[in-house]
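Please work through the following exercises with the sequence and the structure at hand. Each task is followed by a solution in steps.

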Amino acid sequence: MTRGRFITFEGIDGAGKSTQIDRLQALLVERGIEVVRTREPGGTPLAEKIRALLLADDMCTMSETLLFFAARAEHIARVIEPALARGAWVLSDRFTDATYAYQVGGKAFDGAAVEALERMVQGQLNPDRTVLFDIEPLVAAERLAKARAADRFERESVDFFRRVREAYLDRARRNPERFFIVDAAQSPEDVSRALLTEAQGWL
Ligand code: TYD
């Protein structure tokens, strides 16, 4: 059995990832591919409990980072690795690039410490492809304000999201073969067109 592909989706809050992941999932399923759709933090019962803590409770950035990696360790062991091993494609709404963007870029947590945790928790596992939904933070904030009540991360300042966005773009510049950047300020239809055209090349 050929190993499946591991695709991750990133971007600041309000970039409109979910709808687009739905559309990609539909395309892959149409092609007869088994798809496991998942998210971080979360993806297993324990990791979803950690997610609830992370989104609601105030904590220091050290605890926050360690909890993201604890949830990730569960997610990898119970969902991601088994799925890839049986040939399924895993579509994850966020993964470790989010830790580099939010904790390192947004909150100035130590990047070398995150690298060490990344290697400890992931071993050789890395996403095959990462789609970055890039958008100006003010535009994203307007969308979010209309859509739902803000969680702990979504209440951060526009300056915070500017740092997160820059950290994502920096990750993309350093890993050009893995990242596909899509302009998420376009209409949802135009974003889908760009994403699905790119995804044809992965098949
Ligand atoms: P997300 O699932 O995108 O939130 P929502 O369902 O509200 O769109 O992610 C939850 C939040 O967690 C999001 O603001 C980004 C943040 N996050 C980090 O700060 N670090 C991480 O490593 C991950 C995976 C997410």
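The exercises below concern a predicted model and treat the ligand site, an aromatic pair and the backbone.

**Exercise 1.** Determine how many residues surround the ligand and how they divide by class.

*Solution.* Step one is to count the shell: 17 residues surround the ligand. Among these, the closest are Asp13, Arg51, Arg94, Thr99 and Gln103. Step two is to sort the shell by class, which gives six nonpolar, two polar and nine charged residues.

**Exercise 2.** Identify polar side-chain atoms that approach oxygen atoms of the ligand, and state how much of the ligand the protein buries.

*Solution.* A polar contact requires a pair of N or O atoms within 3.5 Å. Arg51 places a polar side-chain atom 2.9 Å from a ligand oxygen. For Asp151, the distance from a side-chain N or O atom to an oxygen of the ligand is 3.3 Å. For Lys17, the corresponding distance is 3.4 Å. The values for Arg51, Asp151 and Lys17 therefore meet the cut-off. Turning to the surface, the ligand taken alone exposes 550 Å², and the protein buries 92% of that.

**Exercise 3.** Locate the ligand among the pockets and name the elements that give two or more residues to its shell.

*Solution.* The ligand sits in the largest pocket. The elements that give two or more residues to the shell are helix 2 (45–56), helix 3 (61–85) and helix 4 (96–106). Helix 4 provides the largest share, four residues.

**Exercise 4.** Describe the geometry of the aromatic pair of Tyr102 and Phe153, and place both residues along the chain.

*Solution.* The count comes to eight aromatic pairs. One of them joins Tyr102 and Phe153, with 6.2 Å from centre to centre and 85° between the planes. Because planes over 60 degrees apart count as edge-to-face, the pair belongs to that type. Tyr102 lies in helix 4, whereas Phe153 lies in the loop between helix 6 (137–147) and helix 7 (158–174). The two residues are 51 residues apart, and the pair links distant parts of the chain.

**Exercise 5.** State which peptide bond is cis and what phi Arg94 has.

*Solution.* The bond from Glu40 to Pro41 is cis, with omega near -10°. Pro41 belongs to the loop between strand 2 (35–39) and helix 2. Arg94 is not a glycine, yet its phi is positive, about 80°. Arg94 is found in the loop between strand 3 (89–93) and helix 4.

Note on methods:
Residues numbered from 1 in each chain as written. Predicted model: local features only at pLDDT ≥ 70, side-chain atom pairs only at ≥ 80, totals over all residues. Heavy atoms only, no water. Near = heavy atom within 4 Å. Polar contact = N/O pair within 3.5 Å; in protein donor to acceptor, adjacent residues only side chain to side chain. Areas by Shrake-Rupley, 256 points an atom, 1.4 Å probe, with all protein chains shown as cover. 1 Å grid on protein atoms, 1.4 Å probe; cavity = no way out; pocket = protein on both sides within 12 Å on 5 of 7 lines; lining within 4 Å. Sits in = over half its atoms within 2 Å of the grid points. Nonpolar A, V, L, I, M, F, W, Y, C, P; charged D, E, K, R; others polar. Phe/Tyr/Trp six-rings, centres within 6.5 Å; stacked < 30°, edge-to-face > 60°.
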